[in-house]
Protein chains: 4
Amino acid sequence: MKALTFQGEGDVKIREVPKPSVAASNDALIKVTLGAVCGSDLHILHGHTPMNPGTILGHEFVGVVEEVGPEVKRFKPGDRVVSSFFTSCGHCTLCRKGWFNQCVEKGTFGHGEYFGGLGGGQADYVVVPNADHTMEGIPDGIRDDQAIFVGDILSTGFFGAERAEIKPGDVVAIVGAGPVGLMATMCAQLFGPAKVFVIDMVDARLEIAQELGGIPINAKEVHPVGAIESATGGIGADSSIECVGLISAIDTAIHCVRGGGTISVVGVPSAVQADFPYLRMWLKSLTFRAGWCNVQAYMRPLLELIAAGRLRPEKIISHRMKLEQAEEAYRMFDAREATKIVLTP
Amino acid sequence: MKALTFQGEGDVKIREVPKPSVAASNDALIKVTLGAVCGSDLHILHGHTPMNPGTILGHEFVGVVEEVGPEVKRFKPGDRVVSSFFTSCGHCTLCRKGWFNQCVEKGTFGHGEYFGGLGGGQADYVVVPNADHTMEGIPDGIRDDQAIFVGDILSTGFFGAERAEIKPGDVVAIVGAGPVGLMATMCAQLFGPAKVFVIDMVDARLEIAQELGGIPINAKEVHPVGAIESATGGIGADSSIECVGLISAIDTAIHCVRGGGTISVVGVPSAVQADFPYLRMWLKSLTFRAGWCNVQAYMRPLLELIAAGRLRPEKIISHRMKLEQAEEAYRMFDAREATKIVLTP
Amino acid sequence: MKALTFQGEGDVKIREVPKPSVAASNDALIKVTLGAVCGSDLHILHGHTPMNPGTILGHEFVGVVEEVGPEVKRFKPGDRVVSSFFTSCGHCTLCRKGWFNQCVEKGTFGHGEYFGGLGGGQADYVVVPNADHTMEGIPDGIRDDQAIFVGDILSTGFFGAERAEIKPGDVVAIVGAGPVGLMATMCAQLFGPAKVFVIDMVDARLEIAQELGGIPINAKEVHPVGAIESATGGIGADSSIECVGLISAIDTAIHCVRGGGTISVVGVPSAVQADFPYLRMWLKSLTFRAGWCNVQAYMRPLLELIAAGRLRPEKIISHRMKLEQAEEAYRMFDAREATKIVLTP
Amino acid sequence: MKALTFQGEGDVKIREVPKPSVAASNDALIKVTLGAVCGSDLHILHGHTPMNPGTILGHEFVGVVEEVGPEVKRFKPGDRVVSSFFTSCGHCTLCRKGWFNQCVEKGTFGHGEYFGGLGGGQADYVVVPNADHTMEGIPDGIRDDQAIFVGDILSTGFFGAERAEIKPGDVVAIVGAGPVGLMATMCAQLFGPAKVFVIDMVDARLEIAQELGGIPINAKEVHPVGAIESATGGIGADSSIECVGLISAIDTAIHCVRGGGTISVVGVPSAVQADFPYLRMWLKSLTFRAGWCNVQAYMRPLLELIAAGRLRPEKIISHRMKLEQAEEAYRMFDAREATKIVLTP
């Protein structure tokens, strides 16, 4: 089969590789019908993730079940499915507390041996372990280019919004209008805020944010913390959702929030550690949350919301290409020529 | 001044009465700029509420502060304000637990001696006791015909929705598409449901519900419980909001909900007591809530949502009349010729 | 093997029956080390539950795993385990919403064909289907006569307490000091109430309630609603937990609660339907919850609390007997000569 | 009257000063019956707080109302009261969101002009502004040496515990067994944890922690993070409460918590900013909260818990002295010769 493979820093290639097969009793073999390129794929491309050459890339994908192991109960051949970008067992201590992303057995698709040695979904086929727990069926009426988002960035945007503790009538600030920031912009509105400010420095992104109900703030033109304060009578936002990961962006997220408010970070932090305003946190009684998305907990309700027309994540797709063009897709995404690219095998 | 007064069962009259004045140190005198006729006013008209003749009617009103007592801190003459339909002290045990509607000193505007002897707002002027606690300032950009709803039925719809414990992606059923049901239809959507079914028997009402994002079910045409079950794969709604008060409507609200779900009743029950499906409640682990709105807790966030354009309660106004026409307004509303009537003094 | 069997109304007998065996791939065969007699067993004895003769009785048991099917992952032979009194699949729509007691495939041990045809635990051996989901391992240091309670009545007491929404400093009223009421008395205190009143008419039970931290109210001597009102400055309890099921007891639970409070019913209602104070519910903004315990969600934390010495459910055991004496045990329990009887095979 | 006054860094003196009096209409004049020395007083003593010489010290006090301004509604002369250590208006935007410690008008007793210019309670008399909002009546049966704690450190311990999101059965780690840490040890148990580890380096403090239900860990003898991990099967605590403020102590609080857990900091941070493990926070999906206590929200329930015998904060009092001995009391407390000192005028 065809697959996009990691060859080394800066080098990804479409190659002919052996078709994978069901090995464990809870595996499912999926014929991929759509994959997507994610910001994390660029981390891999740039050599920031420990990866072994030859790894098949891609952790955002939907497809059709071709075969299942004997223990798989929820799925059968022919079912349309979307997969979380990581697997979880459902049985360990932290899975049972609902923290699937802290599973002792978790593996991440398309991230090499260090992250569990799972193949990726930028390929004709992919095997999903712990299928009953890792995948979700796609309801009729939802297209592939909608469902694919619940396995990663739509869930991440929702996770960020949920952990921001938004209440009806609140003011929310979203830092960053990249794909995750746009998903957070959509998801924040599921919690009934009065205003959702979106901060970025690229007008094209802010225009999409505005279409999605956000109030754009271009940080190149105004100081975002000042802009939010003046729009809230000097009080600040009730909560913020950080979707970039730069320490400076996190700092903006902390400073634009009112006393007693909440900062929810989903951007991958750009530093292992860095300065943090401990005294401000204490004086203003703030809550700071960070995390990567606990996807398995969110796929079902998000699919329901897409089915009902209340979420339209496909709006951020800027380019639709063939798997064969994946190398070019990576180049374009890395060059910021595309907001989001999906790939058809 | 002019005021609509209760004369006896079936008899309300516009009369010239003395202008009220600030008596207690926390009173505010309000020049009414808009009043509204509510379903509870019809209860009074029909003699179902203990009332003394001569009482000035009306508990939904907005206006401009004309004078305040020396202890009033939050308001000054000239401020535009909306009042809750009842007063609360803010200091008693239950106020301090946040249950303002259980205040030991509460009074209800326009409901006669039995409910605290407060004048009503279907008049040129009205006095609001405990003004700092009972009123809210109207932000710039909000019109009178929007703000008036936060003092009663919009808050009631929100209260019903909040107590239904709606989570993103849920299915909600609203029983009744009268003014309160329509408000609940709007407010339920602040909690991110995938689907909001609205049950009524009047197509005109269901059409408004549909414009507000609801999925109409005409109970004259289909069995509403069956319709919801078949739309949810036999499961039922996650929660329901009852906005009628008839025991049969409450029964529908109970039976359309899935195991583990919640029924939230805001309709005034038509019977002091009646049969209740205790065993079903237990077998299906249901939660049943009833209540009249704890308005004071909701006015501020609801005003923010109106200001942001996220709630448009004025959409349900069907008739705009003069205070002088109030007798006719009562007749029309009672005859169901109007969905909602507002009155300008 | 030996087992207690249902023969007909009023007739249970110890019989020699075939030892059951692992049939499905997720079954576990358990060698029972302790069983208990529950109030529900008396419902069966009196013919109030549809039962087929020959059914092995008992739904409260702990034991040692003797054999597991090939899909069982969490348990192996030799493990000490406690079982929920019912099975759940973990995969259906309502299981995935966390409502295991609403599972489409659920079966109840020792309750005959109508409830899933599962054998009971008042026997030498019992088979547990869906073992990974239905059972919990017993941590070292917890005795059988402690662990047995998490599979039924301790979880039920906790479920009642959790759904009562108790906050630190609250006043709670527990109606009934039978085995479940005593468990609720213990569990209510995990939520930090200031006072836990316990209402019953039997002094011996109230004495145990008092040892467990409750404040006894003998309903034969004082009117319980009046007693609670006078102990709370006329306000009433913040919440109540009903553990009897008689409509009159539920009525007490409703009337002793303050405005805005919560009533949580775990007693099996004695009537399919009966009168309910709808208007009071509405005027006082009350929440009424009923339900049977969602055991699977509670076993792990309750075992941790027993291991830490914070819960001592074994305190309610009044009689320890041999399985051979089970017929006599039923007689004694039915005659109210015992609070709680455990049986050793 | 007599009062302890700040003279300059390292210099506090008992002086004869004018008795204060009711000035504003919502003031109350309190005859102090008991004061206490707090860790924050040592910050003042050491010149770490901007203070003007002559300021009367003390922000922990109880007393009897001697006189009230005309707007005070909840109190009258003769009432026994406890005051929060800071005042709040109850009407500003953040007060109305329940964040009284973020009040725009707040003042802190005994902290000089910079913090509102309020006199302190280590004196014969003190004036409490916004009395209805700042004070709480002391129920009968509660002694002064119990009630005094709800105005500051008991509320702080509770605030820390509440924000740790403890659920029944959880494992909690408390960092620091000083007065606040001991209060947190008591309060954590109101949320039903299975185990409460308490980390300190002083055996005498750890002994008190153990009496209060904590499991002591002496950080001089074992590595506290390792000790908690090995006691939890390698998982870590569900949440931690930091009660010291040193960045190293906060670091321990962060590292001893499991994936998905919560860190709640109430210790005053020893640095305005310092290194923070951003990547760990994100990888493990942690929540970090800091803050100083929102006292006004907690006084009433904590008084109820003391009245019921469920909290015994007086257990940490090591020395009872006269106001005249306050200089010596400060010396002893600073030299760590005392855990907690109370002063009788």
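The following exercises, each with a worked solution, concern a predicted model of four chains, A to D, and treat its interfaces, sheets and core.

Residues are numbered from 1 along each chain as its sequence is written, and chains are lettered from A and ligands numbered from 1 in the order in which they are written. Because the model is predicted, local features need pLDDT of at least 70 and side-chain atom pairs count only at pLDDT 80 or more, while totals for chains, interfaces and linings use all residues.

**Exercise 1. The pair A and D**

Determine which rotation lays chain A on chain D, and describe the surface through which chain A touches chain D.

*Solution.*

Step 1. A turn of 180° with a shift of 0.0 Å along the axis lays chain A on chain D with an RMSD of 0.0 Å (least squares on the C-alpha atoms of residues with pLDDT of at least 70 in both). This is the relation of a two-fold axis. In chain A, the C-alpha nearest the axis belongs to A:Asp275, 2.2 Å from it.

Step 2. Contacts join 34 residues of chain A to 34 residues of chain D (contact: C-beta atoms, placed from the backbone, within 7 Å). At least two residues each come from helix H2 (93–96), strand S12 (257–265), strand S13 (274–276), helix H10 (278–283) and strand S14 (287–290) of chain A (helices are DSSP runs of H or I with at least four residues, strands runs of E with at least two, numbered from the N terminus).

Step 3. By class, this side of chain A has 19 nonpolar, 10 polar and 5 charged residues (Ala, Val, Leu, Ile, Met, Phe, Trp, Tyr, Cys and Pro are nonpolar; Asp, Glu, Lys and Arg are charged; the others, Gly among them, are polar).

Step 4. Since 100% of the interface residues of chain A are also interface residues in chain D, the copies meet through the same surface.

Step 5. S13(A) pairs with strand S15 (residues 274–276) of chain D in the antiparallel sense over 3 bridges (pairing requires at least two DSSP bridges between the strands). In this pair, A:Phe276 stands opposite D:Ala274.

**Exercise 2. The pair D and B**

State how many residues of chain D are in contact with chain B, and to which classes they belong.

*Solution.*

Step 1. 7 residues of chain D are in contact with 7 residues of chain B. The side of chain D in question has no nonpolar, 1 polar and 6 charged residues.

Step 2. Chain D is superposed on chain B by a rotation of 180° with 0.0 Å of shift along its axis, at an RMSD of 0.0 Å. D:Glu71 comes closest to this axis among the residues of chain D, at 3.5 Å (C-alpha). Of the contact residues of chain D, 100% recur in chain B.

**Exercise 3. A sheet shared by A and D**

Give the order of the strands in the open sheet of 12 strands, and identify those at the edges.

*Solution.*

Step 1. The order is S10(A)-S9(A)-S8(A)-S11(A)-S12(A)-S14(A)-S16(D)-S14(D)-S13(D)-S10(D)-S11(D)-S12(D), with mixed pairing.

Step 2. At the edges stand strand S10 (215–218) of chain A and strand S12 (215–218) of chain D; each has a single partner strand, so one side of each is left without a neighbour in the sheet. The twist averages 20° from one strand to the next (between N-to-C directions of lines fitted to C-alpha atoms, for helices over the stretch in contact, with angles from 0 to 180 degrees).

Step 3. Within chain A, 4 bridges join S12(A) to S14(A), which run parallel. A:Val265 has A:Ala290 as its bridge partner in S14(A).

Step 4. H9(D) packs on the sheet, touching S10, S11, S13 and S14 of chain D, and its direction makes about 145° with that of S14(D).

**Exercise 4. Burial**

Identify the buried residues of helix H9 (residues 247–255) of chain D, and compare the setting of C:Glu67.

*Solution.*

Step 1. In H9(D), D:Ala249, D:Ile250, D:Thr252, D:Ala253, D:Ile254 and D:His255 are buried (20 or more other C-beta atoms within 10 Å; exposed means 12 or fewer, partly exposed in between). Their cover includes helix H8 (224–231) and strand S13 (237–242) of chain D.

Step 2. C:Glu67, in strand S4 (residues 60–68) of chain C, is partly exposed, with 16 other C-beta atoms within 10 Å. Leaving aside neighbours within four places in sequence, C:Glu67 is in contact with C:Val22, C:Leu29 and C:Pro77. C:Glu67 and C:Pro77 are 10 residues apart in sequence and 5.4 Å apart in space, C-alpha to C-alpha.

Notes: Two residues are in contact if their C-beta atoms, placed from the backbone, lie within 7 Å. A nonpolar core is a set of buried Ala, Val, Leu, Ile, Met, Phe, Trp, Tyr and Cys residues joined through C-beta atoms within 7 Å.
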